[in-house]
Amino acid sequence: TTVVVNGTASHSIPSTLWGQMFEDISHSGDGGLYAELLQNRAFQMVDVSDQATALSAWHSVNEAQLTVIEETIPVSSALPNALSVTIPNGSSSQVGVGNEGYFGIKVDSSETYNASLFYRFPTASSFNGIATVALQTSTGQILGATNVTLSGSQTSWLQVVATIQPTITANALTNNFTVTVDGAALAGQTINFAMFSLFPPTFKNRPNGMRVDIAETLSAMVPSFFRLPGGNNLEGQTVATRWQWNNTVGPLVDRPGRVGDWGYVNTDGVGLFEYLSWCEDLNMQAIMAVWSGFALGGTSIAEDDLGPYIQQAIDQINFAVGDPSESDAAALRASLGHPDPFPVAHIEIGNEDFFAPDTYTYRWNQFSTALQSAFPSLSFLATSDTFNPVLTPNPAEWDIHVYQTPSWFAENSFIYDGFERNGTHYFEGEYAAISTNPNDLFGTPADGRLTFPTMQSSTGEAAFMTGLERNSDIVFAASYAPLLNLWVQHVVNSQWTPNLVSFDSGNVYPSTSYYVQQLFSLNRGDEYLPSTLPDVSGTTFWSVVRNTSVTPNKIIIKVVNTIGIASNITFQLPFAVENTATVQLLTGAETDSNTPTAPNTVAPQSNTITVGDTFTYNAPGFSVSALTLTGS
Ligand SMILES: O=S(=O)(O)O[C@H]1C[C@H](O)[C@@H](O)[C@@H]1CO
């Protein structure tokens, strides 16, 4: 194959092209990126008639009697439940409650942990003493402990905070957080607790922040945008359980949480302020979704009843970007310490509204008309099938999702070449090769579903991404989905596979597809150089871009080989280049995966090659390469 490169750029490449899509799926948020270590910390949205579920992740220590109750005096209107702990008579040991975290709690003696809890004695007592807040192994070895004072006269809620400085680093993840008291001194008495919390150090030391190792892994991809809060998890199964921005901001004790769309309660500890602060921390634009009047259980809000939901969306956007002197929601943002607007340019109206196209016609019309007039500088994305049904006003932007087979991605890298250039722009908001079975894409691993990305799926995605880069005159953003999943006890504890990054309570496992996303994101150009087009039904793909922000310019050639046979490609450049180029290379066998049990099967490698204005590159089998040449 000979590729003739054109020295005149066809178009500039948007700075937002490569980024991340996020939602709380498979514990991506609670138990994942969100650094809170305790699971079910505030007994949110639990049914006290089902104590086993209400107590999930909690256990009794030395026979304390635990009951999740609907408090007569709740700690807040948002958190009606509390944990009642009754100390049995006749006990003489440390008695209380333990939490197992999200399938483990990593305890490292080089880190300081911040614990907090609310307590009250429902019946006043003369007790004045301590409770021991500790981290301990599953076999009871104390790793770190601190005492807090409890007073029996405290019948109203009081929050106590404590730092725990472990003296031992646990060599296993199966550790517990415990709160215990002297059983003898408190025999027969009851203490109520509410909203426990335990944080390790957070990314950029943000209060209520993100888990450092996962945050650093996501940051290392240098994403330019972050889509939030979903995905399905925006929508709710019912109108009442939809994601509502105003329930996710302010003090944690005022956040009710919600029944998420992926089978678990969301604490909403990562609320809109945390999401948008995270975007700033990683220098990302938010692609922020607003609920569009459709719940996944099938309910659409009637045409004449959309007003309050449109107002809620206006308030959400004002919280993000509004003027504090003109909007209460913006003033709330300022009161939380962020008077300036957050970086938001694109607002998505709903998610995958191709599930409800008949009502999306009026829902899109009303939401986009009202929001565009309220926020003239923002652009709005439609989420139904492109141009079907016809929407008014005509959407300037669409969010297109595709889950397919590795070969589909390799065979469809030209999909956008055929799109009309009519001023419309596209966000490839969710894409991933998820199964080798085109007839059962969403099936089980036995039917071809991928549990983790493989070099076959990741090179298929890379081929598709060369097409996104070639068509970045109309594709302004693209993100793999889902981003994260919690891997538990060697069982994929997720509602979805494969995922870009897996993790457990102590480790992060970047996949082969993560390294492909990172390779494209780290090797960007700001303008596209046309070249001999790949064979649409071929097995090798490439894209050539130029980075004009440095002098001399860099020419970056991405080369993808989607089969196991190495391929020689000759490039002819219309300008002189230095005779050494760097190569970032990801290569492996067809079914190679990075998994929690084999995390480094495939890792990016760097080397140099000799080049010239004409040179031949040997692309290894199942490989993605980024060649960086220097103009001279
Ligand atoms: O069941 S699906 O609709 O395929 O769910 C997909 C599409 C949805 O936007 C996202 O939340 C989810 C996985 O990333």
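Y403 is a good place to start: one of its polar side-chain atoms sits 2.8 Å from an oxygen atom of the ligand, a polar contact in the sense of a pair of N or O atoms within 3.5 Å (within protein, one must be able to donate a hydrogen and the other to accept it, and residues adjacent in sequence count only if both atoms are side-chain atoms). N351 also offers a polar side-chain atom, at 3.1 Å from a ligand oxygen. With N232 the polar atom belongs to the backbone, and its distance to an oxygen atom of the ligand is 2.8 Å. On its own the ligand has 360 Å² of accessible area, and the protein covers 86% of that; such areas come from the Shrake-Rupley method with a 1.4 Å probe, and for residues only the protein chains shown count as cover.

Please keep in mind that this is a predicted model, in which local features need pLDDT of at least 70, side-chain atom pairs count only at pLDDT 80 or more, and totals for chains, interfaces and linings use all residues. Residues are numbered from 1 along each chain as its sequence is written, and side-chain values use heavy atoms, with hydrogens and water left out.

Now look at the whole shell around the ligand. The residues there are E23, G231, N232, W262, N351, E352, F355, H401, Y403, E430, P482 and W496, where being near the ligand means having a heavy atom within 4 Å of it. By class they are 5 nonpolar, 4 polar and 3 charged residues; Ala, Val, Leu, Ile, Met, Phe, Trp, Tyr, Cys and Pro count as nonpolar, Asp, Glu, Lys and Arg as charged, and the others, Gly among them, as polar.

Two members of this shell deserve a look at their backbone. Most residues other than glycine have a negative phi, and most peptide bonds are trans. E352 has a positive phi of about 45°; this residue lies in the loop between β18 (344-349) and α6 (357-374), with helices (H or I, at least four residues) and strands (E, at least two) taken as DSSP runs numbered from the N terminus. At 11% relative accessibility E352 is buried, a word used for under 20% relative accessible area, with exposed for over 50% and partly exposed in between (1.4 Å probe, protein chains only). P482 follows a cis peptide bond from A481, with omega near -10°, and is found in the loop between β22 (475-480) and β23 (484-488).

Another cis bond joins L228 and P229, with omega about -5°. P229 belongs to the loop between β14 (225-228) and β15 (258-259). A positive phi also turns up at M195, near 30°. M195 is part of strand β13 (residues 190-199) and is buried at 6% relative accessible area.

The same strand brings us to the aromatic rings, since F199 lies in β13 and Y34 in the loop between β3 (20-21) and α1 (51-54), so that their pair ties together parts 165 residues apart in sequence. This pair is edge-to-face, at 5.6 Å centre to centre and 75° between the planes, and both residues are buried. The structure holds 33 aromatic pairs, counted when ring centres of Phe, Tyr and Trp (its six-membered ring) lie within 6.5 Å; planes under 30 degrees apart are stacked, over 60 edge-to-face and the rest tilted. Ring pairs also link F22, F203, F226, Y275 and W278 into a cluster.
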